[in-house]
Amino acid sequence: QVQMVESGGGLVQPGGSLRLSCAASGRSFSRSAMGWFRQAPGKEREFVARTNWIGGLTYDTYCADSVKGRFSIFRDAQNTVSLRMNSLKPEDTAVYYCAATTASSYSATFATREYEYDYWGQGTQVTVSS
């Protein structure tokens with residue numbers, strides 16, 4: 001049984017930083033994608049960032065335009081992904097979800113849509129407020 005466990009959420013002031021972590025267990029995702037989505041109150045869940053295996057020990061990354069330059073995603077281990085969030089804004093307030101897919105692709109836009117993912121975490125709350 002696959003489990004996805006997020007950690008690292010919390011309350012931070014505007015301009016601050018947080019690091020979210022996600023650990024998957026139950027199967028290997030070393031040759032596929034893991035990513036982060038978020039859902040703000042009253043809004044649909046949206047893509048934030050993902051890492052994708054592209055061969056050997058190499059992973060590429062892709063971030064949504066809304067967080068590009070402020071957020072960075074890292075594949076810390078074959079089944080662990082983290083999201084470094086800098087210069088946080090009130091509009092970044094949301095529940096952040098970790099996700100993993102069993103598929104693989106070399107497409108630049110692969111794993112940027114919810115339906116491409118097979119497994120999801122329960123979510124961790126990030127609140128940006130003074």
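A charge is said to sit over a ring if NZ of Lys or CZ of Arg is within 6 Å of the ring centre and within 35 degrees of the ring normal. In this predicted model, the charged end of Arg-45 does just that with Trp-120, at 4.0 Å from the centre of the ring. Lys-68 offers another case: its charged end sits over the ring of Tyr-62, with 5.3 Å to the ring centre.

Both of those rings turn up again among the aromatics. Trp-120 and Tyr-62 belong to one aromatic cluster, together with Phe-37, Phe-47 and Tyr-117. Searching the whole structure turns up 6 aromatic pairs. One of them is made by Phe-37 and Tyr-117, an edge-to-face pair with 5.3 Å from centre to centre and 85° between the planes. Phe-37 comes from strand 4 (residues 33-39), while Tyr-117 comes from the loop between strand 9 (94-100) and strand 10 (119-120), so this pair ties together parts that lie 80 residues apart in sequence. As for how much of each partner shows, Phe-37 has a relative accessible area of 1% and Tyr-117 has one of 6%. Both count as buried because the cut-off for that label is under 20%.

On to the strands. An open sheet is built from 4 strands, in the order 1-3-8-7, with antiparallel pairing. At its edges are strand 1 (3-7) and strand 7 (71-77), each of which pairs on one side only. Going from one strand to the next, the twist averages 15°. In general, strands of a sheet pair through backbone hydrogen bonds, and they can do so in parallel or antiparallel fashion. Here, strand 1 and strand 3 run antiparallel and are joined by 5 bridges. A look at individual residues shows Ser-7 standing opposite Ser-21, which is in strand 3.

Just ahead of strand 3 there is a loop worth a visit. Gly-15 is found there, in the stretch between strand 2 (10-12) and strand 3 (18-25). With a relative accessibility of 53%, Gly-15 counts as exposed, in contrast to Phe-37, which is buried. Even so, Gly-15 has company from elsewhere in the sequence: setting aside neighbours within four places, Gly-15 is in contact with Ser-87 and Leu-88. Ser-130 can be added to the picture too, as its C-alpha is 9.9 Å from that of Gly-15, although the two residues are 115 apart in sequence.

Notes. Residues numbered from 1 in each chain as written. Predicted model: local features only at pLDDT ≥ 70, side-chain atom pairs only at ≥ 80, totals over all residues. Heavy atoms only, no water. Phe/Tyr/Trp six-rings, centres within 6.5 Å; stacked < 30°, edge-to-face > 60°. Helix = DSSP H or I, 4+ residues; strand = E, 2+ residues; numbered from the N terminus. Buried < 20%, exposed > 50% of the residue type's maximum accessible area, 1.4 Å probe, protein only. Contact = heavy atoms within 4.5 Å. Pairing = 2+ DSSP bridges. Axes fitted to C-alpha atoms, helices over the stretch in contact; angles between N-to-C directions.
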